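Please load the model in your viewer and keep the sequence panel visible. The tour below proceeds by selection, from individual side-chain pairs to enclosed space.

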Amino acid sequence: MASTTGSVEHPSCALERVLRKLSSKRLDTGQSRTCQEPLYVLSLDRYMRDTNFAVYFQKSINATDSLYDATLTDGDCKVRVSVEPRLNNLIEKNIFRCGSTIKNVELYVEENTENGSTDILVTNLEVDQLSDQDAALRALSGVNVKTLPWWSGVEPSPLPLRSRRGTYLPLWNDNDFIGDMWRDRPSEDARERSRTSRAPVALREVRQRFLTDGSLIRGDIRVRILQKSRLMHYGKAEQNCLYPYRAEIQVADASASVTAVLWNSMCVEWYRRLHPGMVLHLSHFRVRESFSHRTGQNPERDIEISLNSSRPGAIISIVSTASPEWCLPGVPHHFCKGTDLQSSPHGRLCDVVGLIIFVGRPECIQNKDGKMDNFRWIQLEDGTSEQPIMVKLYSTSQPDVHSTIQPMAVFVCTRLQLVKGSTQFYYLTNTQYTQLYCTGTGRPLTIPYKGIRRFRQFLHWLDQIDESDVMNRSVVGGYFIYPPPPSTLRSFIEEWKEQAGLLSGQELKLLCEKLHYRESQRFCVQCTIGTVEYHHQDDTHLSFLSSSSLTAPTSPGDPLQTKRSTPRAQKRPNPITAGTPRKRRCLPSSDPEEVSESALSGPSAYPTPQWKPFQEASVSGDDTFRPVPLVSSPAASISCSHLKSWSHLVLLSFTMAITHCSCEVLLLYMH
């Protein structure tokens with residue numbers, strides 16, 4: 001094992017041998033060397049490039065917005081490196097990932113003229129895809145990776161290596177936060193600044209004075225948080241902003257309500273700590289014209305409160321106990337039952353509470369800005385309707401809560417929007433101010449809605465259900481498409497008439513090769529079906545397409561018929577007040593998570609994807625297509641002989657796995 005305080009005369013690890021030879025030639029620029037021994041990826045971090053990209057990557061021709069840093073080890077020491085942008089494609093397809101075994105790693109060493117340190121760049125590598133996913137774990141089974149020495153004897157900076165950014169970004173989206181600098185408790189400096197205060201003023205007075213003559217009343221405001229938006233990352237490659245973040249909170253006092261905006265480092269310091277229902281004391285803020293009015297979204301003039309870290313530096317204090325004399329409004333709520341959604345109009349905003357019975361695998365789609373938005377499908381039951389509540393859940397900037405979403409958890413989601421199309425199917429999805437509360441975090445569920453009637457009705461229903469019945473119907477992961485594909489050729493043509501036409505096989509291949517990890521896209525091809533197969537990890541038996549049919553799936557899992565409100569066989573603790581989640585069946589996960597350093601140090605194995613069966617098709621006497629969920633089907637296979645008995649037209653939906661990407665394809669079978 002290498003020394004933790006400095007270089008040794010005869011380094012024992014492969015990394016140090018290679019890097020010592022490179023650093024000894026420090027005066028000669030452009031030196032590189034290949035490490036042929038296997039290395040293991042401990043961490044992989046993403047950040048946005050800045051205006052110095054051409055300086056840091058002079059030979060790079062890939063002007064990508066995302067850059068990556070990695071921590072590598074050979075089991076004896078570890079090193080922090082930057083990754084050449086032309087290797088980004090391996091990361092975007094999740095081939096080069098945390099826990100990977102890599103070999104023939106080409107390392108390039110150069111001087112950092114700004115701080116006098118040595119920067120290491122990985123210019124080429126080979127990912128060992130022949131070894132199983134546990135290879136790195138077995139190689140490091142007896143090593144505590146946290147205590148491994150750095151090859152130079154000095155711990156590198158926790159900030160991005162080749163860009164002036166103050167934080168890293170999550171690997172797969174820009175709306176979440178990651179890293180220890182996102183505080184969930186006040187710093188010493190914040191406590192010191194919160195001791196100063198001035199005379200309180202009302203929001204109505206602040207608004208009237210600014211809209212009248214543009215001036216500001218000097219004073220503090222005492223408000224309650226009504227809503228909190230998700231985190232917005234506005235960083236651009238041509239800008240050098242250290243913390244390019246903003247977040248909105250809707251605040252109100254007894255006289256009025258306004259939008260307050262957290263800017264830049266204020267987001268890093270305060271975003272995790274502020275929640276709807278909290279009472280705040282705000283001082284040294286700025287008042288400006290509202291963003292919605294400046295952009296023309298709202299014709300009426302209004303104000304917004306800017307909370308910046310300087311010019312002037314805003315002071316935020318959380319008030320633990322609000323005086324009744326302040327007459328602050330409560331947090332608004334608009335809870336809907338499952339039966340209410342059927343008759344509600346498109347675009348309605350509402351809150352829902354329910355018991356999770358299905359959690360889809362994480363997927364992502366490309367938005368209009370070319371970035372990836374993550375989402376997953378959630379199904380809820382609330383005891384009021386035979387049909388489950390469908391939720392297409394995007395990021396709400398609550399990664400710690402999203403990681404706990406699983407069946408049998410109580411799910412509360414606010415400010416959702418109802419989406420209804422031309423068909424009978426509908427679902428709920430996020431808005432900017434959606435907030436999520438879920439049991440199973442190990443802490444009591446703290447939400448400002450427990451006392452309302454709708455919530456108490458749900459808890460009463462929850463206390464009466466048969467837990468074993470719900471457990472048997474609960475499903476995690478697998479292929480799931482909603483709304484289902486069109487049932488007839490005419491419906492299909494009407495749905496796709498404004499979209500791209502049919503693709504050839506070569507075009508489909510090229511598009512699939514461009515898909516990122518978890519990315520979902522829908523394509524259309526016309527062809528003749530030869531064989532359709534679905535392979536599970538266990539190939540002990542085959543399951544063919546069923547002839548039974550339903551108009552719409554109640555759940556991706558079976559049994560399809562659900563019991564309703566049967567008395568429970570045993571008493572369980574209240575999931576809202578219990579500090580730990582109740583026992584539940586161990587359900588397989590469909591998401592191969594990255595492996596942290598702590599996971600590599602422990603005895604556990606890498607999580608592997610466990611795919612549930614996808615929804616397959618059955619065809620009745622007419623030309624309709626109806627999806628039928630299958631459960632625990634290790635393999636499904638159909639030959640051409642089965643297809644000949646079908647009607648003249650079949651629409652079949654299936655999933656193509658392209659390096660953990662998914663692509664929904666509608667096949668038109670002409671008999």
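**First stop: a salt bridge and its network**

Select aspartate 174 and lysine 371: the two form a salt bridge, with their closest N and O atoms 3.4 Å apart. The term denotes a side-chain nitrogen of Lys or Arg within 4 Å of a carboxyl oxygen of Asp or Glu. This pair connects distant parts of the chain, 197 residues apart: aspartate 174 lies in the loop between α4 (135-139) and α5 (188-193), and lysine 371 in the loop between β16 (363-366) and β17 (372-381). Helices (H or I, at least four residues) and strands (E, at least two) are DSSP runs, numbered from the N terminus. Aspartate 174 is buried, at a relative accessible area of 10%, whereas lysine 371 is partly exposed at 28%. Here buried means under 20% relative accessible area, exposed means over 50%, and partly exposed lies in between, with a 1.4 Å probe and protein chains only.

The model is a predicted one, in which local features need pLDDT of at least 70, side-chain atom pairs count only at pLDDT 80 or more, and totals for chains, interfaces and linings use all residues. Residues are numbered from 1 along each chain as its sequence is written, and side-chain values use heavy atoms, with hydrogens and water left out.

**Further salt bridges**

Next, select glutamate 289 and arginine 301, whose side chains meet in a salt bridge at 3.1 Å, N to O. Glutamate 289 belongs to strand β12 (residues 286-289), while arginine 301 sits 12 residues away in the loop between α8 (291-294) and β13 (303-307). Glutamate 289 is partly exposed at 25% relative accessibility, and arginine 301 is also partly exposed, at 44%. Add Arg46 to the earlier selection: salt bridges with shared partners join Arg46, Asp174 and Lys371 into one network.

Then move to glutamate 248 and arginine 246, another salt bridge with an N to O distance of 3.1 Å. Glutamate 248 is buried at 10% relative accessibility, and arginine 246 is buried at 12%. The count for the structure comes to 15 salt bridges.

**An enclosed strand**

Select strand β14 (residues 315-319): 4 of its 5 residues are buried, so the strand is largely enclosed by the rest of the structure. Which strand is joined to β14 by 5 bridges? The partner is β11 (residues 279-283), and the two run antiparallel; strands pair if DSSP finds at least two bridges between them. Within this pairing, serine 283 stands opposite isoleucine 315.

**A buried proline**

Proline 407 is located in the loop between α10 (399-402) and β19 (410-420). Its relative accessibility is 2%, and proline 407 therefore counts as buried. Measure in the viewer from its C-alpha atom to that of leucine 380, 27 residues apart along the chain: the separation is 9.2 Å.

**The whole chain**

Finally, display the full model, whose secondary structure comes to 16 helices and 29 strands. Of its 671 residues, 52% count as buried. Contacts (heavy atoms within 4.5 Å) with a separation of 6 or more come, for 71%, from residues 24 or more positions apart.
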